[in-house]
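Work through the exercises below with the sequence and the model open. Each one sets a task and then solves it in steps.

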Amino acid sequence: MARSQLAGAVRVARWADAALGPGRTAGDGKATLSDATAGRAAEDLGLTPAQVRADWDTARLAGLIEVHGDSARPGWRLRAWDRDDSAVLRGWVALFDAWSLAHPEPGGQEPGAVAEVVSAMPQVLSFLQLSAGPVPVSQLLDLLRQRVTELRTERCEIDYAPRPAPVVPERTDAPLEPLLDWALRALASVGALTYGDGQATLTPLGSWAVWVKLEQICVAAQSPAGNIEQSAEDMLRGCAQLRPNAARAEYRAWLAARPVGSAVTELIDAARGEDALLRGLAFEALRVVGAPAEPEVRAVLDEPALRPYALLWLAEHDGADPEDAHEVLTREEATWLWVDTAAAVADHGEAPMLVRHLESAVQPTVPELLKEVRAVGHPRTVQVLVALAAAHPDPALARAVRRAAFQVHTGG
């Protein structure tokens, strides 16, 4: 259903990508199609210019096209369209969230009343979802009136501390019937519901979307460790002592409470810090994000500290078994990752864990490991080797590791 609903938008977005190239689709500072471009697209696609413009606007709202100033370029959802169902669903949900922009409100309506109806519609949609069938518009109108009244009451609430009374602007009680009609028509235009004969019914796609929204609210409310309002770095630190399943639940709650784009950026920034433990945890959280994180993960492949983590993430995202994903790393990248993980263990773990970490090295012998660790140039090499020497119970091996640490320290 989502693919069908967005088929026209995808067609126009792909036409623009192929026929125009990035950055040459706008001329008015709003990344809208010029008359000449709309006419050319209409001729090539067998559509009217009005249809092209409507599909272009839908593509923008669905994230199939990303607007940057006065230009536009294909979004990651368009690139992933044929191979990633989650990209399709996320694109439709973005359109669903923007229903009030997809179908402009009727003229002559009071802006405040329009805003109140937009704010009240999630409760109306939840009622439709719970009803699981046709609901008379009269019943929805009663619910809308009730919710709008609640919103107005909440807005007028003040505390009891002495202060000047709030100035409430005069507002006429505009009739809500035409605004409800507009909202239902707009939601029908994006495929969320069917509307006619005095009743409305959520489509299966609309019902699923409302259910997902409710689930996100519940997940966010059940943040097990209470880190939902923290920055990415503080949230990851709070997850450091949790078991994997509990940590993933915390990641999901944290992600549900913020836009996916800014959340991914925060996690990548946390991974760039000096704490190797947070680096590993950040990429675990990015695994929970899934496909929307792919562009930013690919973008850090040129950063030595993040490259091994990004390669493993991408391999697993592309379907590799987590047990075999390490095969995408070169020997040097695997060694870098071994040192980085050892740094995390040295900073946050216990000595026996650091000793056991030796077994995960790709090198078959300790002398080979030490040689390649020295060559890889990780900034924490000296500290890792010193900690390993202090922790290892074998005196001869500990001396060799300590000697390697000294050589790295002195540049020998």
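**Exercise 1. Locate A132 and judge its backbone and its accessibility.**

Step 1. A132 lies in the loop between helix 8 (111-131) and strand 3 (135-136). Helices (H or I, at least four residues) and strands (E, at least two) are DSSP runs, numbered from the N terminus.

Step 2. The model is a predicted one, in which local features need pLDDT of at least 70 and side-chain atom pairs count only at pLDDT 80 or more, while totals for chains, interfaces and linings use all residues. Residues are numbered from 1 along each chain as its sequence is written, and side-chain values use heavy atoms, with hydrogens and water left out.

Step 3. Phi of A132 is near 55 degrees, a positive value in a residue other than glycine. Most residues other than glycine have a negative phi.

Step 4. A132 counts as exposed because its relative accessibility is 69%. The classes of relative accessible area are buried under 20%, exposed over 50% and partly exposed in between (1.4 Å probe, protein chains only).

**Exercise 2. Repeat the analysis for D197.**

Step 1. The loop between strand 4 (193-196) and strand 5 holds D197.

Step 2. D197 has a phi near 55 degrees, which is positive in a residue other than glycine.

Step 3. With a relative accessible area of 82%, D197 is exposed.

**Exercise 3. Decide where the model can be read in detail.**

Step 1. Start from pLDDT, the predictor's confidence in each residue, from 0 to 100. The protein chain has a mean pLDDT of 85, and 89% of its residues reach 70 or more.

Step 2. Compare the elements. Strand 1 (residues 65-68) has the lowest mean pLDDT, 75, and strand 5 (residues 199-202) the highest, 95.

Step 3. Find the weak stretches. The pLDDT is below 50 over residues 157-161, a stretch with 1 contact in the model beyond near neighbours in sequence. It is also below 50 over residues 165-172, where the corresponding number is 6 contacts. Contact means heavy atoms within 4.5 Å.

Step 4. Where pLDDT is low, the predicted coordinates should not be read in detail.

**Exercise 4. Describe the environments of R77 and W81.**

Step 1. R77 is found in helix 5 (residues 76-79). W81 lies in the loop between helix 5 and helix 6 (85-97).

Step 2. R77 is buried, at 14% relative accessible area. W81 is buried as well, at 5%.

Step 3. Leaving out residues up to four places away in sequence, R77 touches A62, G63, L64, A87, R90, G91 and A94. With neighbours within four places set aside, W81 is in contact with R3, L6, V10, R14, L64 and V88.

Step 4. W81 and L64 are 17 residues apart along the chain, and their C-alpha atoms are separated by 9.0 Å.

**Exercise 5. Which arrangement do helix 14 and helix 15 adopt, and what does their contact consist of?**

Step 1. Two packed helices are described by the angle between their axes and the distance between the axes. Axes are lines fitted to C-alpha atoms, for helices over the stretch in contact, and angles run from 0 to 180 degrees between N-to-C directions.

Step 2. Helix 14 (residues 260-271) and helix 15 (residues 276-289) pack at about 160 degrees, with their axes 8 Å apart. They are therefore roughly antiparallel to each other. Angles under 35 degrees count as roughly parallel, over 145 as roughly antiparallel, 65 to 115 as roughly perpendicular and the rest as oblique.

Step 3. The contact is made by V260, V264, L267, I268, A270 and A271 of helix 14 and by L278, R279, A282, F283, A285, L286 and V289 of helix 15.

Step 4. By class, this contact has 12 nonpolar, no polar and 1 charged residues. Ala, Val, Leu, Ile, Met, Phe, Trp, Tyr, Cys and Pro count as nonpolar, Asp, Glu, Lys and Arg as charged, and the others, Gly among them, as polar.

**Exercise 6. Apply the procedure to helix 2 and helix 4.**

Step 1. The axes of helix 2 (residues 7-19) and helix 4 (residues 49-61) come within 8 Å and cross at roughly 90 degrees. Helix 2 and helix 4 are therefore roughly perpendicular to each other.

Step 2. Helix 2 contributes G8, A9, R11, V12, A13 and A16 to the contact, and helix 4 contributes V52, D55, W56, T58 and A59.

Step 3. The residues of this contact divide into 7 nonpolar, 2 polar and 2 charged.
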